[in-house]
Amino acid sequence: MSATPLRPETLAVHAGWRADPSTGSVAVPIHQTTSYQFRDTEHASALFALQELGNVYTRIMNPTTDVLEKRIAALEGGAAALAVASGQAASAYSVQNLARAGDNIVSSTDLYGGTWNLFANTLRDQGIEVRFVDPADPESFRRATDDRTRAYYAETLPNPKLQVFPIAEVAAIGRAFGVPLIMDNTAAPLLCRPFDHGAAIIVYSATKYLGGHGTSIGGLIVDGGNFDWEAAGERQPLLNTPDKSYHGAVWSEAAKPLGPIAYILRARVVALRDLGAAMSPFNAFQIIQGVETVALRIERHCANAQAVTDYLADRKGVTRVIHPSQQTGTARTRADTYLKGGYGGLVGFELEGGVEAGRRFIDALQLFYHVANIGDARSLAIHPASTTHSQLTPEEQAATGVSPGYVRLSVGIEHIDDIIADLEQALAAALG
Ligand code: PLP
């Protein structure tokens, strides 16, 4: 192969795998095993002491999952990755790998609802405070930082607002403190490479665009290998002080012979070992199949979402369309800085007629599925005011960017004429 680094489209098909050395199998085999026989006691000792990296037990590593991890690390330009059972597990571990009771992180307010609950309730109950700040103002991260702040957290393209996060600005603020920026890039694979803008860690719900077919729940954490944990010193005690759960290992030291992977090594051999949300090899296989076509699908998702936006923007009875192409000023500049090749597959819009119009629209859909998921090859729709946000007051809904007539579309890869025809007939039913 040429000396030029492979492009993301090629890495998505090839990275981390060639053919099975023993069978020649071109497709990645599903290694449906819990355990791996050690060659002898010396080999076993070396593995347990981390003097050699190798397979021990599928809760911690698996050869099928390993291909997925290598592929995503390559795609993101990172040092190494860890697959886990869900996007939720990825978000939780990404924080728990740095913060413990008494510590805090600073997070954007614009988050997936599941992450919001994890941060506002579950992590708080575990003693990790999450300080929520307005992502429109990068300086709010600096103001919320104190000497117990261990990480910043945000989503690249959060819905429902679909306002792109100022990655470089906030990453730079964090780096001056020794605080890494964790980016959830679920909605923008290939469109955005957060490490290129200074993020230190990326998390994914692989359930969405990476898997792409709505079959398998999964999550990934990627270590950029671009953060100097040792230099962060006391700011990052979990990586710089002896870990009594692992023979007193100091992770920033112990990882040195293996590469710049202290963070992800600890996530694997401590967080995943102890908390146990491992990805099944079968799901890793399914997600690998998805990743092989993600570049093509994302192109089509973006083109279709843009066409849907343009259609809705002209439609009577639609009072607002939420999509980066409709934004102006700083929000638009950020979208154009951080997203390359399209604005993603999500579109929001507000219907005249509020909650009832939203319900009628959803009930009339024939091609779109009515589900809470995003990132499937199929077109999907949800009306937050009658589902995910129905327990919130109208004021709380408004704070998250949701109005009574708000509908979220995850535009699929079907023929655009069929997508628009379904929207047209459902709008007619909703608006009369
Ligand atoms: N992050 C984002 C942006 C999501 O949309 C989701 C799920 O909707 C998650 C994380 C959680 O992922 P999972 O459902 O795979 O646990």
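This is a short tutorial dialogue on reading a predicted model, from its cysteines to its pockets.

User: Let's start with the cysteines. How many disulfides does the count come to?

Analyst: Happy to start there. The idea is to look at how far apart the sulfur atoms are, and a disulfide needs a pair of cysteine sulfurs within 2.5 Å. Here the count comes to 0 disulfides. Take Cys 192: the closest cysteine sulfur is in Cys 302, 12 Å away, so the distance is too great for a bond. Seen from the other end, Cys 302 is in no disulfide either, and its nearest cysteine sulfur is that of Cys 192.

User: Are Cys 192 and Cys 302 buried or exposed?

Analyst: Relative accessible area is the value to read, and under 20% counts as buried. Cys 192 has 1% and is buried. Cys 302, at 6%, is buried too.

User: Now the charged side chains. How many salt bridges does a search of the whole structure find?

Analyst: The search gives 21 salt bridges. For each one, you read the distance between a side-chain nitrogen of Lys or Arg and a carboxyl oxygen of Asp or Glu, with a cut-off of 4 Å. One of them joins Glu 139 and Arg 142, with N to O at 2.7 Å.

User: Where do Glu 139 and Arg 142 sit in the secondary structure?

Analyst: Both belong to helix α6, which covers residues 139-144. They are separated by about one helical turn because they are 3 residues apart in that helix. Glu 139 is partly exposed at 33% relative accessible area, and Arg 142 is partly exposed at 37%.

User: Which helix holds Arg 359 and Glu 356?

Analyst: That is helix α14, residues 354-364, where Arg 359 and Glu 356 lie 3 residues apart, about one turn. Their side chains meet in a salt bridge with an N to O distance of 3.9 Å, and the cut-off is 4 Å. Arg 359 counts as partly exposed, with 39% relative accessibility, and Glu 356 is partly exposed as well, with 46%.

User: What is the relative accessible area of Asp 376, and which residue forms a salt bridge with it?

Analyst: Asp 376 is buried, at 7%. Its partner is Arg 378, and the closest N and O atoms are 2.6 Å apart. Arg 378, for its part, is partly exposed at 36%. Salt bridges can also be linked into a network, and here one connects Asp 103, Arg 148 and Arg 150.

User: Let's move to empty space. How many cavities of 30 Å³ or more are there?

Analyst: The key question for a cavity is whether a probe that fits inside can get out; in a cavity it cannot. The count here is 1 cavity of 30 Å³ or more. The largest cavity has a volume of about 50 Å³. Its lining includes Thr 58, Arg 59, Ile 60, Leu 82 and Met 279. Helix α3 (63-76) and strand β1 (80-84) are the elements that give two or more residues to this lining. By class, the lining has 7 nonpolar, 3 polar and 2 charged residues.

User: And what is the volume of the largest pocket?

Analyst: The largest pocket has a volume of about 1100 Å³. It is lined by 44 residues, and nearest its centre lie Leu 111, Tyr 112, Gly 113, Gly 114 and Thr 115. Elements giving two or more residues to the lining include α4 (87-96), β6 (201-205) and β12 (406-410). The largest share, 5 residues, comes from α5. By class, the lining has 17 nonpolar, 20 polar and 7 charged residues.

User: What does Thr 115 touch?

Analyst: Thr 115 lies in helix α5, residues 113-125. Leaving out residues up to four places away in sequence, Thr 115 touches Gln 88, Ser 91, Tyr 153 and Glu 155. At 1% relative accessibility, Thr 115 counts as buried.

User: One last feature. How far apart are the C-alpha atoms of Phe 285 and Thr 64?

Analyst: They are separated by 6.5 Å, although the two residues are 221 residues apart along the chain. Phe 285 lies in helix α12, residues 281-313. With residues up to four places away left out, Phe 285 touches Val 28, Ile 30 and Thr 64.

Terms used:
Residues numbered from 1 in each chain as written. Predicted model: local features only at pLDDT ≥ 70, side-chain atom pairs only at ≥ 80, totals over all residues. Heavy atoms only, no water. Buried < 20%, exposed > 50% of the residue type's maximum accessible area, 1.4 Å probe, protein only. Helix = DSSP H or I, 4+ residues; strand = E, 2+ residues; numbered from the N terminus. 1 Å grid on protein atoms, 1.4 Å probe; cavity = no way out; pocket = protein on both sides within 12 Å on 5 of 7 lines; lining within 4 Å. Points joined across faces, edges and corners; volume = space filled by probe spheres on them. Nonpolar A, V, L, I, M, F, W, Y, C, P; charged D, E, K, R; others polar. Contact = heavy atoms within 4.5 Å.
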